[in-house]
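Please work through the exercises below with the sequence and the model side by side, trying each task before reading its solution.

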Amino acid sequence: MITTPIGIAIVGFGYWGPNIVRNILERPEFRLIGLCELDANRSADFHGRHPGVRIESELDELLLDPRIQAVAIATPPSTHHELVRRALQAGKHVLVEKPLATSVADAEDLIVRAEQAGLILMPGHTFLYSPSVNKVRELIRSGEVGEVYFITSSRMNLGLYQRDGVIRDLAPHDLSILLYWLERPVSHISAAGQSIFQLGIPETAFLTVRFAGGATANVQISWLAPRKMRQMVVVGSKRMISYEDTSSDESVRIYDRGLDFAMLEAPATFGEYQLTYRSGDIVVPRIEAAEPLSLELADFARAIRTGAQPRSNSVLGLEVVRALEAAHGSMERAGEPVELTDAEGPRYGEGAAQSELSGRGQIARGPIAGDPIARGGVAASMG
């Protein structure tokens, strides 16, 4: 097992790249070796902050460096397949920001390449490492919520305009969290979007997502909102949960509220059934603060050193891409629901290390017992 720091390079120093760099410098598991960035101004900015770290404008030049064992890619989704493919071909482990790719075919191709090379391929679904998100998951898995009926999600802010559209930009967050919480694949999805400033690039979208087993989620995402909102509400048969990422000290609230369906003695008609309201306590659990990106990088290092499956794994990443592709297909057909059909066997290669998880049954449950996290010509382009 590797015990010395893992040499890592960053590809892209745009919006998210600086956050990755900062966290890598704070993690003892890694040693920052280099940066690949096309933009001269961003390269100069990086050099001013981190003199002595190698900077290249061509990815292949950086990949030749034998000190580099892993690559973190923070570039637009449309570049992911090509950049990840080249990094895997060079024998590097890869952490790539969400989504894993822009099509199911490209995502499956990358997964097969990583498995054949024995390399870690990890999509950057950072919210899976949020202590608040994991608290909600714990409440769902423990049965405290009861049967999950539906989930609503609102993820909105003003800006940041991306050429890949709001669905690829924001929906991966909600989809990864929903898959992580419910541990069931998406069965149907419908989407409606609105393009205002540029045709074909929706700034606002509404998704209805149905999961195997019956739970439904309604997701609202937008770049055109007066204030930042990241809120999800889980409605179950026993309790309701509110998760608000923008709240610093009360991000999770548990409501002992709901409706009970009582039956009178020997009912003859529907009117003899009675709905009763339940309004109990509101509990705000104590949640330890931790930076999700730092925990994500720790998991990446653990996966490289041990070969264990990371929490944000390529199987879940593929499910997110599958849902995104279906959402875009639905939007192109005026919101017509798209069914994500079942598969009889493995989705990407017989005998693949995670192939048994890629069917339409349960998503990988992770983290595994004892996981320390559970206890606690394209070059680089603008990210």
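The exercises that follow concern a predicted model, and each task is followed by a worked solution.

**Exercise 1. The sheet**

Task: Work out the order of the strands in the open sheet of 6 strands, and find its edge strands.

Solution: Begin with the pairing, which is parallel, and follow the strands across the sheet to obtain the order β3-β2-β1-β4-β5-β6. Next, look for strands that pair on one side only, which are β3 (54–56) and β6 (121–124), the edge strands. From one strand to the next, the twist averages 25 degrees. Finally, examine individual pairs: strand β1 (residues 6–11) and strand β4 (residues 70–73) are joined in the parallel sense over 4 bridges, with I8 opposite A70 in β4. β4 also pairs with β5 in the parallel sense, over 4 bridges, and here V71 stands opposite V94 in β5.

**Exercise 2. The surroundings of β5**

Task: Decide whether the residues of β5 are buried or exposed, and identify what packs on the sheet.

Solution: Start with the count, which shows that 5 of the 5 residues of β5 are buried. Then separate the two faces: H93, L95 and E97 lie on one side, while V94 and V96 lie on the other, and both faces are covered. Turning to the packing, helix α8 (residues 292–306) touches β1, β2 (30–36), β4, β5 (93–97) and β6, and the direction of α8 makes about 155 degrees with that of β5.

**Exercise 3. The position of N23**

Task: Establish where N23 lies and which residues distant in sequence it touches.

Solution: N23 belongs to helix α1 (residues 17–26). Its relative accessible area is 0%, and N23 is therefore buried, since buried means under 20%. Leaving aside residues up to four places away in sequence, N23 touches E291, L293, S294 and L297. As for A298, this residue is 275 residues from N23 in sequence, yet the two are 9.8 Å apart in space, C-alpha to C-alpha.

**Exercise 4. Two helices that cross**

Task: Describe how α7 and α9 cross, and what kinds of residues make up their contact.

Solution: First take the geometry: the axes of helix α7 (residues 166–182) and helix α9 (residues 314–332) come within 9 Å and cross at roughly 125 degrees. The two helices are therefore oblique to each other, and their crossing is right-handed. The contact involves residues including I167, R168 and L175 of α7, together with, among others, E319, L324 and H328 of α9. Sorted by kind, the contact residues comprise 12 nonpolar, 2 polar and 2 charged.

Conventions:
Residues numbered from 1 in each chain as written. Predicted model: local features only at pLDDT ≥ 70, side-chain atom pairs only at ≥ 80, totals over all residues. Heavy atoms only, no water. Axes fitted to C-alpha atoms, helices over the stretch in contact; angles between N-to-C directions. Parallel < 35°, antiparallel > 145°, perpendicular 65-115°, else oblique. Left-handed = near helix turned anticlockwise from the far one by under 90°. Contact = heavy atoms within 4.5 Å. Nonpolar A, V, L, I, M, F, W, Y, C, P; charged D, E, K, R; others polar. Pairing = 2+ DSSP bridges. Buried < 20%, exposed > 50% of the residue type's maximum accessible area, 1.4 Å probe, protein only.
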